[in-house]
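Hi everyone, thanks for coming. Have the sequence and the 3D view open in front of you, and let's walk through them together.

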Amino acid sequence: MQIYVLVACDRLEENQEKNLKQNLPDILAALQTYVDENEVAKVTLINECDSDDCEDWQLGISQVVKKNIQLKYPVNFFNDLAKKFALDCEIGSIEDNQREPVSYFGKEEGKGDSFLIAQYLGL
């Protein structure tokens with residue numbers, strides 16, 4: 001199953017948007033490190049941050065998972081990002097190049113639980 005995890009960039013308040021823009025280089029560096037360290041899991045970077053408007057951004061990763069235990073590492077990684085940079089995340093599946101969100105977690109939504117998310121994804 002192909003999954004994605006994105007940093008929530010839409011419907012942000014002004015201070016959240018400012019925080020995201022300010023921390024973008026550090027967030028991108030952390031995401032790139034995750035991608036580089038997880039080549040075996042076929043992790044790819046999603047970096048569509050060309051617009052001046054955060055609302056249009058797509059920032060995160062996609063990867064292949066076959067078992068629910070494989071969700072633990074990306075969910076924990078994004079929990080850490082959420083805590084460090086005060087942001088929220090969206091996770092879901094990708095089918096026919098369409099993203100289907102199943103859960104939100106992070107600063108406002110609370111810590112993501114890989115076991116529950118695996119159930120939502122049907123793993």
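Let me start with a bit of vocabulary: a residue is called buried under 20% relative accessible area, exposed over 50%, and partly exposed in between. Please also keep in mind that this is a predicted model.

Now try that vocabulary on alanine 86. You'll find alanine 86 in the loop between α2 (72-85) and β4. Is alanine 86 buried, exposed or partly exposed? Its relative accessibility is 32%, so alanine 86 counts as partly exposed. There is something else to notice about its backbone. Most residues other than glycine have a negative phi. Alanine 86, however, has a positive phi of about 55 degrees, although it is not a glycine.

Aspartate 96 is another residue to look at here. Aspartate 96 also has a positive phi of about 55 degrees without being a glycine. Look for aspartate 96 in the loop between β4 and β5. With a relative accessible area of 72%, aspartate 96 is exposed.

Let's move on to the sheet. In what order do the strands of the sheet run? The sheet is open, has 5 strands with antiparallel pairing, and follows the order β2-β3-β1-β4-β5. At the edges stand β2 (44-48) and β5 (98-106), and each has a single partner strand, so one side of each is left without a neighbour in the sheet. From one strand to the next, the twist averages 25 degrees. As a reminder, strands of a sheet pair through backbone hydrogen bonds, either parallel or antiparallel.

Next, please find β3. Strand β3 (residues 58-64) pairs with strand β1 (residues 2-7) in the antiparallel sense over 5 bridges. Within that pairing, leucine 6 stands opposite glycine 60 in β3, and isoleucine 3 stands opposite glutamine 63 in β3. β3 also pairs with β2, again antiparallel and over 5 bridges. There, isoleucine 46 is opposite glycine 60. So how covered is β3? Mostly covered: 5 of its 7 residues are buried.

What about the helices? Helix α1 (residues 14-37) lies across β1, β2 and β3, and runs at about 15 degrees to β3. Helix α3 (residues 114-121) packs on the sheet too, where it touches β1, β4 (88-95) and β5. The direction of α3 makes about 155 degrees with that of β5.

While we're at α3, find tyrosine 120, which lies in that helix. Tyrosine 120 counts as partly exposed because its relative accessibility is 47%. Together with Phe115 and Leu116, Tyr120 makes a nonpolar surface patch of about 320 Å².

Tyr120 also leads us to serine 103, a residue in strand β5. Which residues does serine 103 touch, not counting those up to four places away in sequence? They are Cys89, Glu90, Ile91, Ile117 and Tyr120. At 12% relative accessibility, serine 103 counts as buried.

One last stop: leucine 12, in the loop between β1 and α1. Leucine 12 has 22% relative accessibility, so it counts as partly exposed. Leaving out residues up to four places away in sequence, leucine 12 touches Glu17 and Leu20. And how far is leucine 12 from aspartate 88? The two are 76 residues apart in sequence, yet 9.9 Å apart in space, C-alpha to C-alpha.

That's my tour. Thanks for listening!

Conventions: Residues are numbered from 1 along each chain as its sequence is written. This is a predicted model: local features need pLDDT of at least 70, side-chain atom pairs count only at pLDDT 80 or more; totals for chains, interfaces and linings use all residues. Side-chain values use heavy atoms; hydrogens and water are left out. Two strands pair if DSSP finds at least two bridges between them. Helices (H or I, at least four residues) and strands (E, at least two) are DSSP runs, numbered from the N terminus. Axes are lines fitted to C-alpha atoms, for helices over the stretch in contact, and angles run from 0 to 180 degrees between N-to-C directions. Contact means heavy atoms within 4.5 Å. Patches are made of residues with over 30% relative accessible area and no salt bridge: like charges are joined within 9 Å, nonpolar side chains (Val, Leu, Ile, Met, Phe, Trp, Tyr) within 5 Å. Accessible areas come from the Shrake-Rupley method with a 1.4 Å probe; for residues, only the protein chains shown count as cover. A salt bridge is a side-chain nitrogen of Lys or Arg within 4 Å of a carboxyl oxygen of Asp or Glu. Buried means under 20% relative accessible area, exposed over 50%, partly exposed in between (1.4 Å probe, protein chains only).
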